[in-house]
Amino acid sequence: EVVVMSVYRVIDVIGTSSSSWEEAAAEAITTARGSVRDIRVAEVTKQDIVIGDAGELLYRTKIQLSFKYESE
């Protein structure tokens, strides 16, 4: 019997958007994919809104990304 085991690493990233939490999440994932390979799961862990001095809204989505660990 062959036992296959995988190890995954987890990091937190925060995306921002002036439009929506969904856009903020997509921005975080898209940006992270530029430097992290083999992302498997993106879990939203927190959402909030920052209100600027002029009343503008900035949506922030915190995401936990899981990706396959590659030993060096």
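Is Thr 61 buried or exposed? Keep that in mind as you open this predicted model, and let's walk through it together.

**Stop 1: Thr 61**

Select Thr 61, which sits in strand β3, the run of residues 57-68. Thr 61 is buried, because its relative accessibility is 0% and buried means under 20%. Now show what surrounds it. Setting aside neighbours within four places in sequence, Thr 61 is in contact with Val 13, Ile 14, Gly 15, Trp 21, Ala 24, Ala 25, Val 44, Lys 46 and Gln 47. Zoom in on Trp 21 next: its backbone oxygen is 2.9 Å from a polar atom of the Thr 61 side chain. You can also draw a distance from Thr 61 to Ile 49; these two are 12 residues apart in sequence, and their C-alpha atoms are 8.8 Å apart.

**Stop 2: Val 13 and the nonpolar core**

From Thr 61, move to Val 13. Beyond residues up to four places away in sequence, Val 13 touches Ala 28, Thr 61, Lys 62, Ile 63 and Leu 65. Val 13 also belongs to the largest nonpolar core, so add its other members to your selection: Ala 25, Ala 28, Ala 32, Ile 63 and Leu 65. Helix α1 and strand β3 each supply at least two residues of this core, and α1 gives the most, with three.

**Stop 3: Ala 32**

Pick Ala 32 from that core. You will find it in helix α1, residues 21-32. Ala 32 is buried, because its relative accessible area is 8%. Which residues does Ala 32 touch, not counting those up to four places away in sequence? They are Ile 39 and Leu 65. Try a distance to Val 13 as well: the C-alpha atoms of Ala 32 and Val 13 are separated by 7.8 Å, although their positions lie 19 residues apart along the chain count.

**Stop 4: a patch on the surface**

Now turn to the outside and select Ile 49, Ile 51 and Leu 57. Together they form a nonpolar surface patch with about 260 Å² of accessible area. Click on Ile 51, part of strand β2, residues 39-51. Ile 51 counts as exposed because its relative accessible area is 60%, and exposed means over 50%.

**Stop 5: Val 2**

Finish at Val 2, in the segment before β1 (8-17). Val 2 is exposed, with a relative accessible area of 75%. For a last distance, choose Lys 68: Val 2 and Lys 68 are 66 residues apart in sequence and 20 Å apart in space, C-alpha to C-alpha.

Key. Residues numbered from 1 in each chain as written. Predicted model: local features only at pLDDT ≥ 70, side-chain atom pairs only at ≥ 80, totals over all residues. Heavy atoms only, no water. Helix = DSSP H or I, 4+ residues; strand = E, 2+ residues; numbered from the N terminus. Buried < 20%, exposed > 50% of the residue type's maximum accessible area, 1.4 Å probe, protein only. Contact = heavy atoms within 4.5 Å. Patch = residues over 30% accessible without salt bridge, like charges linked within 9 Å, V, L, I, M, F, W, Y side chains within 5 Å. Areas by Shrake-Rupley, 256 points an atom, 1.4 Å probe, with all protein chains shown as cover. Salt bridge = Lys/Arg side-chain N within 4 Å of Asp/Glu carboxyl O. Polar contact = N/O pair within 3.5 Å; in protein donor to acceptor, adjacent residues only side chain to side chain. Core = buried A, V, L, I, M, F, W, Y, C linked by side-chain atoms within 4.5 Å.
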